[in-house]
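Reader: Could you give me a close look at a single helix? I would like to know which side of it faces inward, and what it packs against.

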Amino acid sequence: MTRQPLRLAVQEAERMLAAAGVDSPRADAELLAAHVLGVERSRLPFVPLVDIPVIAELRKLVERRAKREPLQYLLGTAVMGGVTVAVGPGVFVPRPETELLLAWGLSTLERTAKPVVVDLCTGSAALALAVADARPDAVVHAVERDRGALVWARRNANARADAGDTPIRLHAGDVADRTLLDDLDGTVDLVLSNPPYVPEGSPVSPEVADYDPYHAVFAPGDGLEVIRKVVDCAARLLRPGGAVAIEHDDTQGESAPALLSTRRVLTDVQDHRDLAGRPRFVTALRARS
């Protein structure tokens, strides 16, 4: 059977993805090729020739990606911090921007032994599991109300526990419930949340509009409805000196921090920008007195 240069197949994949409007056509082409070959992306230069069936399989995946099916669905995984989680239909796909929220949260725990952490609207549990991986001494709680997402979260939690990470504590619950995790009131060191926050009617990419669960992306009206509930919950859960970080839409760079600033128990409210320089997440500390 005649073999063909992988380099040419990747170039053709890049061309197809660029023509389809994919934001990172070269990276996606290489990641799909690595997935088909079962190697790390960095190893692609060491695979000069591949068999025809490999080319055919790569093309099938590229055609699906060109239709704007999320890359993570095609790979079956997404990365957050030091962990890789399974994702697919029925659960929100974690984005690289959330890595900054994770890094900020972990930085607040550097001087805290055995921290208690809560991840609200956990989805695939990527954030919670990344914290548990980075801080094996932490007690990490993850909350999700959607049954479909909970299936993915449980699958990922079991996989990471099997891999040796400290197990997280997964809860079926709603941030609007004022009794949610009330046994933890005033004891939590860090609350993280990537809630639904896109204002309804806002234009989004096809990957989001056609594949992410609607209620994991959009929130009614100004998009702040769920964030308001997260703020209420965090203010109740946090210990004095504890920290909260909440991701928000890039149109909420003023309105989201304003929500936290109205709470007397929250101080040092700051907004943070993402990798593209857009407003992306807000943080605050629980007042000590």
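Author: What follows is a close look at one helix, then at two loops and a second helix.

First, the ground rules. This is a predicted model, in which local features need pLDDT of at least 70 and side-chain atom pairs count only at pLDDT 80 or more, while totals for chains, interfaces and linings use all residues. Residues are numbered from 1 along each chain as its sequence is written, and side-chain values use heavy atoms, with hydrogens and water left out.

Take helix H7, residues 147-162. The label comes from DSSP runs, numbered from the N terminus: helices are H or I with at least four residues, strands are E with at least two. Start with the span. H7 has 16 residues, and at 1.5 Å a residue they should span 22 Å. The expected span is 1.5 Å times one less than the number of residues. The end C-alpha atoms of H7 are 22 Å apart, which agrees.

Now look at the sides. Which residues of H7 are buried? They are Ala149, Leu150, Trp152, Ala153, Asn156, Ala157 and Arg160. Buried means under 20% relative accessible area, exposed means over 50%, and partly exposed lies in between (1.4 Å probe, protein chains only). Look down the axis of H7: the buried residues fall within an arc of 160°, so they line one face of the helix. That arc is taken from the directions from the helix axis to the C-beta atoms. On the other side of H7, the exposed residues are Arg147, Val151, Arg155 and Asp162.

What does the buried face meet? The buried residues of H7 pack against strand E4 (83-86), H6, E6 and strand E7 (169-172). Contact here means heavy atoms within 4.5 Å.

Zoom in on Asn156, which sits in helix H7. Asn156 counts as buried because its relative accessibility is 3%. Set aside its neighbours within four places in sequence. Asn156 then touches Val85, Ala86, Ser124 and Leu129.

Next, two loops. Ala125 lies in the loop between E5 and H6. Its phi is positive, about 75°, although Ala125 is not a glycine. Is Ala125 buried or exposed? At 0% relative accessibility, Ala125 counts as buried.

Lys114 is in the loop between helix H5 (98-108) and strand E5 (116-120). Lys114 also has a positive phi, near 50°, in a residue other than glycine. With a relative accessible area of 64%, Lys114 is exposed.

Finally, repeat the exercise on helix H1. H1 covers residues 6-19, which makes 14 residues. From its first C-alpha to its last, H1 reaches 20 Å, close to the 20 Å expected at 1.5 Å a residue. Its buried residues are Leu6, Ala9, Val10, Ala13, Met16 and Leu17. These cover an arc of only 125° around the axis, so they sit on the same side of H1. Arg7 and Ala19 are exposed, on the face of H1 turned away from the buried side. The cover over the buried residues of H1 includes strand E1 (3-5), H2, strand E2 (49-51) and helix H3 (52-66). Just after H1 comes Gly21, with a positive phi of about 90°.

Back to your request. The inward side of H7 carries buried residues such as Trp152 and Asn156, and E4, H6, E6 and E7 are what those buried residues pack against.
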